[in-house]
Amino acid sequence: MLDARIPDGPLAEKWSNFKSHARLVNPANRKKLTVIVVGTGLAGSALAASMAEMGYHVKCFCFQDTPRRAHSVAAQGGVNACKNYKNDGDSVYRMFYDTIKGGDFRSREANVYRLAECSASLIDQAVAQGVPFAREYGGYLNNRSFGGVQVSRTFYARGQTGQQLLLGAYQALMRQVGLGNVELHARHEMMDLVLTDGVARGIIVRNMDTGKLERYGGHAVVLATGGFGKIYFLSTLAMGANGSAIWRAYKRGAYMANPSWTQIHPTCLPQSGEYQSKLTLMSESLRNDGRIWVPKKQDDQRSPNNIPEEERDYYLERKYPAFGNLSPRDIASRAAKERIDEGYGVGPLRNAVYLDFTRAIQNQGEAAIRKKYGNLFTMYQKITNVNAYKEPMKISPAAHFSMGGLWVDYELMTTIPGLFAIGEANFADHGANRLGANSLLQACVDGYFIAPYTLANYLAADIKTGPIDTEDVAFAKAQVGVEEFMSKLLAIKGNQSADQFHRLLGKILYDKCGLLRSKEGLMAAITEIRQLKAEFWKNLHVPGGEAMNSELEKAGRVADFLELAELMCNDALYRNESCGAHFRVEYQTPDGEALRNDKDFAFVSAWEYKGEDNGPELHKEELNFDVVTPTVRSYK
Amino acid sequence: MNIRLKIWRQEHEGDAGKMVDYSLNDISSDMSFLEMLDTLNEQLIQKNERTIEFDHDCREGICGQCGVMINGRPHGPLTNTTTCQLHMRTFKDNELIVIEPFRATAFPVKCDLKVDRSAFDRIIQAGGFISVNTGQAPEANDIPIGSPVAESAFDAAACIGCGACVAVCKNASAALFTSAKISHLVLLPQGKIEAAARVKNMVEQMDNEGFGHCSNTEACEVACPQAISVLHIARMNYEYNKLQVLKK
């Protein structure tokens, strides 16, 4: 059994207890300590800035051309915090309970409580940085509701909340770069983690402009590299989003937890052709005012505006009257897939459902809807050429968020001492399903308020270590390994591009390790993935050389995805229950809801790499519910 | 539809570079512009030719990483639209499409259509922030801000940092980018305190990076994917001149 090192004491006092007793580093000693932060999204930028403000030396890396482009920028809807500004009964406990329940009782109580507890400070911090959240006319902050909860606790900045929060963190980071406290390396991709004596001491990165490999040492390494939903190829993620940093860390000994738990987001634009490169997300906030429906008749060819009210099936309102269109994401996605699979789908490929604003526009007027969602309607029109004020949007589910990731303890440290994982890169807070507007929150809270304390607690033992020597043999060996990996990719000279393999991999995962999973399907997927991997290493073609080469970057990421995909399927296969986003068709209630098995599966699956020729080894972290009682999650 | 292309190819920063002709047949008009480039690159891979390097990431118009000159206009013919949100239905069958990188002294070309926009980061480093450390913030509702003020600040804060304003400007001025950040922060009570130092330092940095002066053609507002108003440039000038007059 894995030990998460959860502090003693009652749930509500654990974090205070930890902070009161954690070790500290004297301000004079902090500049002797270097922290490496990989990734500059909300978690990475927030942490890098916060550590530098305290006086630590920080080295910060991102693959984008500037930190401000990290994919946190694309989060639309909002960020949750239990400020209870609406006086509607919110509290730390209620937010904790909603999140635990939303995660289908597969997350750690102590972590989730801390997330809720720190949420209020995040809003304070963001406002102080100048984040222009929506305001009421009296000048106070406004809130809206989001899926899976019955209070209004979501703070938002139009449909660009992620962008504005990220710019706040980015500006804080830029301030520290300007002051010389942070060494920034944009366009650098992490290729390997370096351990000396079993402790994380540095990274090997590739300068993507020159192709040169570089070594960087530090007293702790923090991965804030986001999720790996891009493994499905068609996803809501950025084209460059990848799982390589956490995968290389996994191969160096960090455990990977619940890798198969991927959130499939219900409100994305459907695929329209084979050439397509991504599925754009339309914010869940649209479900506040939009109503989801399909025709009652299968394969109905009529234009949506010609289908009369009584011939429409508002299936979420029908099946889940209490939460209706605001049902949590896993439930809304599965319900859409069920209707589409039964032949009620709409659009040219019959792969979508309608999201209709007619009633909201009638009740509130077009101007009010435009104010709330204007940029989303504009984006929709740019992509589809359809005016959603006049005709319902067509939406469908798409891969979005990785609840799984590197296993971390309460202090966000992986099983490798000195290696931390924060934000979406870790598995920690969302259980088997993440609630809307909790992802920005977790990234920010990890970066601003948790990791700065837990890193200090770790670094306090390191003040006498001195600078890390990157001439050490461990760095040299790691670099040679990366050089060999890149040369191997370039040397195959086959006849298929990395994208072609990636598309095929995505299709296998969507079909067999997506919204619905089965034992037979997963076993078949493992065989297919192995065949695809063999084919990749035989038939890949990367034109160009080692200097700037986007195809080489893609090839390296796809090589890692092919390995990670097999681990995802193994993880899904082992878990003989349905919970949250993980729906095994063998385990469902008579009315088609997820059937959890708390007796046998109330644990976190943490997988250990055992070498290329051996299967991974499973370790379990038992989930203890001391405060809440796991119940059947009902939104009816 | 079929299209003809002329694309700028340049191996590295020091390379002279040249326009190269390509063509694509039978592509869907629903394809995005970048998916059209993906399709072309697939064909180049089959021919074992070096693919065309271009910047892109989120492909939903918000990260600001994409951006090329299309028929002489940054991000192409549609107003207030990023390159990734442009679709082939905007072009005519058999149209010739000319694609070049953003051109500015401060944005050196790195390879093909990729340019170095790190000058923008350095402008922000010079003062595009509010100096608040983690942990210092007061309770959020202690700073009431009228909704119209918050909305105006947002209009400026919406900048995605793509550089289209620089690329379209005949002087390659970064005035719209710089003023948007100055305006965002000076409109908010939290940001007013550092207003004087901010405008001085950011304007100086903008000059040091080699961006030209604003000559009020207002082309930047038209090219801007977020439709950021040139009135922010007026506000920047006001803040800057106020500083000069008061000699602070």
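This is a short dialogue on reading the interfaces and one sheet of a predicted model.

Trainee: Let me begin with the two chains. How many residues of chain A are in contact with chain B?

Mentor: Keep in mind throughout that the model is predicted. In it, 73 residues of chain A touch 71 residues of chain B. Together the two chains bury about 6200 Å², and carbon and sulfur atoms account for 49% of that area.

Trainee: What about charges and polar groups? How many salt bridges does the rule find across the interface of chain A and chain B?

Mentor: The rule gives 6 salt bridges there. One pair to look up is A:Lys83 with B:Glu139, where N and O are 2.9 Å apart. For polar contacts, the count between chain A and chain B is 45 residue pairs, both residues being at pLDDT 80 or more.

Trainee: Which helix gives the most to the side of chain A that touches chain B?

Mentor: Helix H6 (161-178) of chain A is among the helices that each supply at least two residues to that side, and H6(A) gives the most, with 9 residues. Others that supply at least two include H3 (42-54), H5 (109-129) and H16 (550-574) of chain A. By class, the side of chain A facing chain B holds 29 nonpolar, 28 polar and 16 charged residues.

Trainee: Now inside chain B. Where do its domains lie in the numbering?

Mentor: Domain 1 of chain B covers 3-110 and domain 2 covers 117-246. Their C-alpha centres are 29 Å apart. Contact involves 21 residues of domain 1 and 22 residues of domain 2, and the area buried between these domains of chain B is about 1500 Å², 64% of it from carbon and sulfur atoms.

Trainee: Which three residues of domain 1 of chain B supply more of that buried area than any other three?

Mentor: They are B:Asn80, B:Ala106 and B:Phe107, which supply 37% of what domain 1 of chain B buries against domain 2. Look also for the 1 salt bridge across this interface: B:Asp55 pairs with B:Arg117, with the closest N and O atoms 3.5 Å apart. There are 5 residue pairs in polar contact between the two domains of chain B, both residues at pLDDT 80 or more.

Trainee: And chain A? How many salt bridges does the rule find between domain 1 and domain 2 of chain A?

Mentor: The rule finds 0 between domain 1 (265-399) and domain 2 (473-609) of chain A. It does find 6 residue pairs in polar contact, both at pLDDT 80 or more. On the domain 1 side, helix H9 (329-344) and strand E15 (393-402) of chain A each supply at least two residues, with H9(A) giving the largest share, 5 residues. The two domains of chain A bury about 840 Å² between them, 54% of it on carbon and sulfur atoms. A:Asp330, A:Arg334 and A:Lys337 lose the most area on the domain 1 side, together 54% of what that side buries.

Trainee: Last, the sheet. In what order do the strands of the open sheet in chain A run?

Mentor: In general, strands of a sheet pair through backbone hydrogen bonds, either parallel or antiparallel. Here 4 strands of chain A follow the order E16-E10-E18-E19, with antiparallel pairing. Strands E16 (405-406) and E19 (617-622) are the edges, each pairing on one side only. Between E18 (residues 603-608) and E19(A) there are 6 bridges, and A:Ala606 has A:His619 in E19(A) as its bridge partner.

Methods. Residues are numbered from 1 along each chain as its sequence is written. Chains are lettered from A and ligands numbered from 1 in the order in which they are written. This is a predicted model: local features need pLDDT of at least 70, side-chain atom pairs count only at pLDDT 80 or more; totals for chains, interfaces and linings use all residues. Side-chain values use heavy atoms; hydrogens and water are left out. Domain bounds come from an automatic or database domain assignment. Contact means heavy atoms within 4.5 Å. Buried area is the accessible area (1.4 Å probe) that two parts lose on being put together, summed over both. A salt bridge is a side-chain nitrogen of Lys or Arg within 4 Å of a carboxyl oxygen of Asp or Glu. A polar contact is a pair of N or O atoms within 3.5 Å; within protein, one must be able to donate a hydrogen and the other to accept it, and residues adjacent in sequence count only if both atoms are side-chain atoms. Two strands pair if DSSP finds at least two bridges between them. Ala, Val, Leu, Ile, Met, Phe, Trp, Tyr, Cys and Pro count as nonpolar, Asp, Glu, Lys and Arg as charged, and the others, Gly among them, as polar.
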